[in-house]
Amino acid sequence: MNRAVWKRAFLFSLLLGLLPFLILTLFCNPSYDDYCHAAKTLELGFIDTQKSFYNTWNGRYFSMALLSLSPVTGGSFTGYKIFALVIILLTFISIFLFLSVILLPGAAPVDRLIAASLVTALFSNQMPDITEGYYWMPATVCYQLANVLTLFFFVLVVKSQEKSRSARAVLLSFAFFPVVAITGSSEPSMIFLLLLLTSITVKAFAIRSSKRHLWLAFLTVAAVCAFVVVAAPGNAVRGSHFPERHRFFFSVGHALIEAARYSVKWVTNPAFVLSTILYVPVADSFSDRSVLLKRHFYIHPLTALLLLLVIIFLGFFAPLWSMGLVGPERTMNQVYFIFLLGWFINISVCVGYFKEKQGLVISRLPVYVYLICVPLIPLALFCSNNTRAAIKDLASGRAYHYDQAVRERRKLFELCAREGISNCPVTKNEDLPETTSNPYFEIVFRCDEQYWKMRATAAAPKN
């Protein structure tokens, strides 16, 4: 078997599986919260809008600012589609850089591309809510962009150690921006980052690492930013909408149940299982070079596993505690992203530990394993979950027709606003694509009406 040929074929099939998600960005559209944020910004201006959000809704200073700067605020619906495309590309790029720097240093370009394509394909295939994962800006800037920035942060910190003193200082100064942005994106993002930074800082001081004060600085900045988020008066206002919140034992019990339910679903995905099998010998090959596994920052397998389990639990506990109900699936997207990368990190940690402590020797997988896994992984992705839904939405024309219907509705709203027509007739779409929309987008049009009235008023010619 020609290894170079099967690697290229495998990479091509994985990239082909990502193509439907990229094409679907042509057919995504703003809805509900997009128009709410834009209308508010057009009415109050950028600065006053941020003050209003902070005092009346939440302390997410970074994501709220980005939503005020949404393409919708400027009236660019093409820009909205471009933003979705950029989010998917950034997801792939951040995963590629993270794997290249942290787990697979020195790997051949084709191997790094295969790894990044596979992880991105698994994430896209199994994220609980694909619409809010990629195609709805109010969710992507709070959660998926925070995921991307988290990976960029660790890449910056690691790469800085390879540079000269002046270049290192520049990269590390840049690394503080993701810390500030992630903390101000959403409460789950803030909690995950604080937990990771706390764990790394404690470990760094325990082994007297030369970078311990650097990690302490990152943790301090994150803690200050977290205080800004938590201290927002708007949190209490928003919390008043959830009278069943702050039930500790209820939240713990349901978080454990939901975490177990989702985890079983994720780990039993055939493509996930086959990918795990293929990764074990890869982890063995790079365990001596991986930044994560170098002796000066050695991680015990139980510590790594416990940290992952705690993060997953907190991902389910946080919305249950703050709202009194299971969080929306957009928050589960973030948990799955961390779970997915954490799973492969844990494999690397285990392989490195047993290789160093027990003299573990992992033989190369037999050829027949590759002959089975290489075609079955893409096939399992194409035939399941979000990948199947994406292909179906494109092949059936459902995504295209829904996009056309939304465009026509926007024209109608704009016409009604300019003509001063009240009770503008709205035709609700019944045949919704699974990937770029959901039924909620077809229920509430209050924000659309506010937005188009303001846009029409702003665009009206002066006498």
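A salt bridge, as the term is used here, is a side-chain nitrogen of Lys or Arg within 4 Å of a carboxyl oxygen of Asp or Glu, and the structure holds 14 salt bridges. The model is predicted, so that local features need pLDDT of at least 70 and side-chain atom pairs count only at pLDDT 80 or more, while totals for chains, interfaces and linings use all residues. Residues are numbered from 1 along each chain as its sequence is written, and side-chain values use heavy atoms, with hydrogens and water left out.

**Exercise 1. A salt bridge between separate parts**

Find which parts of the chain are tied together by the salt bridge of E187 and R60.

Solution. Begin with the pair itself: the side chains of E187 and R60 meet in a salt bridge, at 2.7 Å from N to O. Next, place both residues: E187 belongs to helix α10 (residues 187-206), whereas R60 sits in the loop between α3 (46-56) and α4, so the pair ties together parts that are 127 residues apart in sequence. Helices here are DSSP runs (H or I, at least four residues), numbered from the N terminus, as are strands (E, at least two). Finally, consider accessibility, where buried means under 20% relative accessible area, exposed over 50% and partly exposed in between, with a 1.4 Å probe and protein chains only; R60, at 9%, counts as buried.

**Exercise 2. Pairs within helix α19**

Work out how the salt bridge partners R407 and D403 are placed in helix α19, and then do the same for R418 and E414.

Solution. A general point comes first: side chains of opposite charge can pair when their charged atoms come close. The side chains of R407 and D403 meet in a salt bridge of 2.9 Å, N to O, and both residues lie in helix α19 (residues 398-419), four residues apart, which is about one turn of the helix. R407 is partly exposed, at 35% relative accessible area, but D403 is buried, at 1%. This pair also belongs to a network of salt bridges that links K81, D403 and R407. Turning to the second pair, R418 and E414 form a salt bridge through their side chains at 2.7 Å, N to O, and because they are four residues apart in helix α19, about one helical turn separates them. R418 is exposed, with 51% relative accessibility, while E414 is partly exposed, with 24%.

**Exercise 3. How two helices pack**

Describe the packing of helix α15 and helix α16, and name the residues that make the contact.

Solution. Start from the geometry: helix α15 (residues 301-323) and helix α16 (residues 329-357) pack at an angle of about 175°, with their axes 9 Å apart. The axes are lines fitted to C-alpha atoms, for helices over the stretch in contact, and angles run from 0 to 180 degrees between N-to-C directions. That angle makes α15 roughly antiparallel to α16, since angles over 145 degrees count as roughly antiparallel, under 35 as roughly parallel, 65 to 115 as roughly perpendicular and the rest as oblique. Then turn to the residues in contact (heavy atoms within 4.5 Å): among them are L305, L308 and I312 of α15, and F339, W343 and Y353 of α16. The residues of this contact divide into 15 nonpolar, three polar and no charged, where Ala, Val, Leu, Ile, Met, Phe, Trp, Tyr, Cys and Pro count as nonpolar, Asp, Glu, Lys and Arg as charged, and the others, Gly among them, as polar.

**Exercise 4. Two residues and their surroundings**

Locate T73 and K7, and list their contacts, leaving aside neighbours within four places in sequence.

Solution. T73 is found in the loop between α4 (61-68) and α5 (77-103), and at 13% relative accessibility it counts as buried. Beyond its neighbours within four places in sequence, T73 is in contact with A38, T41, L42, L67, S68 and R455. K7, by contrast, lies in helix α1, and it is buried, with a relative accessible area of 16%. With its neighbours within four places in sequence again set aside, K7 is in contact with V110, D111 and I114.

**Exercise 5. Positive phi angles**

Decide whether Y32 is buried or exposed, and likewise R208, after giving the phi of each.

Solution. Y32 has a positive phi of about 40° although it is not a glycine, and its place is the loop between α1 (3-23) and α2 (33-44). With 14% relative accessibility, Y32 counts as buried. R208, also not a glycine, has a positive phi of about 55° and lies in the loop between α10 and α11 (212-230). At 63% relative accessibility, R208 counts as exposed.
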